[in-house]
Amino acid sequence: MMGPLPQVSSAQRAAWWCAIAAWIALVMLALAWELQIAPLRSGGSWLALKVIPLLLPLPALLRGGAYAMQLAIFISMLYLFEGAARVFEARPVAILAITELALAVCFLAAAIVYLRPMKVAARRSAVR
């Protein structure tokens with residue numbers, strides 16, 4: 001099954017789609033950045049391996065797994081920090097870093113919107 005969990009609201013479903021789109025865009029950006037657009041060395045860079053942490057939770061994210069989404073939030077912080085650290089470099093890298101920042105923030109916001117109702121419901125059931 002692909003998609004968000006069946007019992008989610010329409011806002012959560014839209015947030016899931018946004019989170020998945022941002023996550024896949026982060027994968028593509030990381031690969032393009034280090035292999036084609038601005039690699040450290042001409043012909044590509046071993047830094048393309050930075051995409052591996054993005055690929056690990058992807059199958060569970062595509063199934064709408066809440067735990068995978070929580071893990072992905074922590075992983076996305078690495079790319080947020082990288083984008084923030086590299087935003088003041090020369091022109092092509094700065095544009096890529098700003099794009100990386102935007103995608104990471106988009107993912108974080110969408111993931112929070114997706115997970116928040118689940119967390120509230122879990123907290124309510126734990127109190128009972």
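Let's start with a meeting of two side chains: R86 and E34 form a salt bridge, with 3.6 Å from N to O. This pair ties together distant parts of the chain, since R86 belongs to helix α4 and E34 to helix α1, with their positions 52 residues apart in sequence. Keep in mind as you look around that this is a predicted model.

General chemistry helps here: side chains of opposite charge can pair when their charged atoms come close.

How exposed or buried are the two partners? R86 has a relative accessible area of 12%, and because buried means under 20%, R86 counts as buried. E34 is at 0% relative accessibility, so E34 counts as buried too.

Now stay with E34 and turn to another partner. E34 also forms a salt bridge with K50, and here the closest N and O atoms are 3.2 Å apart. This pair again links distant parts of the chain: E34 sits in helix α1, which covers residues 10–37, while K50 sits in the loop between α1 and α2 (52–55), and the two are 16 residues apart. Like E34, K50 is buried.

Next, go back to R86 and follow its side chain to E82. The side chains of R86 and E82 meet in a salt bridge, at 3.1 Å from N to O. This pair stays within a single element: R86 and E82 both lie in helix α4, four residues apart, which is about one turn of the helix. If you would like to find that helix in the structure, α4 runs over residues 66–86.

What about the surroundings of E82? With a relative accessible area of 17%, E82 falls under the 20% cut-off and is therefore buried. Which residues does E82 touch, leaving aside its neighbours within four places in sequence? They are K50 and E100. K50 is a residue you have already met, as the salt-bridge partner of E34.

With these pairs in view, you can put the picture together. E34, K50, E82, R86 and E89 are linked in a network of salt bridges. Within that network, E34 pairs with K50 and with R86, and R86 pairs with E82. How many salt bridges turn up when the whole structure is searched? The search finds five.

Key:
Residues are numbered from 1 along each chain as its sequence is written. This is a predicted model: local features need pLDDT of at least 70, side-chain atom pairs count only at pLDDT 80 or more; totals for chains, interfaces and linings use all residues. Side-chain values use heavy atoms; hydrogens and water are left out. Buried means under 20% relative accessible area, exposed over 50%, partly exposed in between (1.4 Å probe, protein chains only). Contact means heavy atoms within 4.5 Å. A salt bridge is a side-chain nitrogen of Lys or Arg within 4 Å of a carboxyl oxygen of Asp or Glu.
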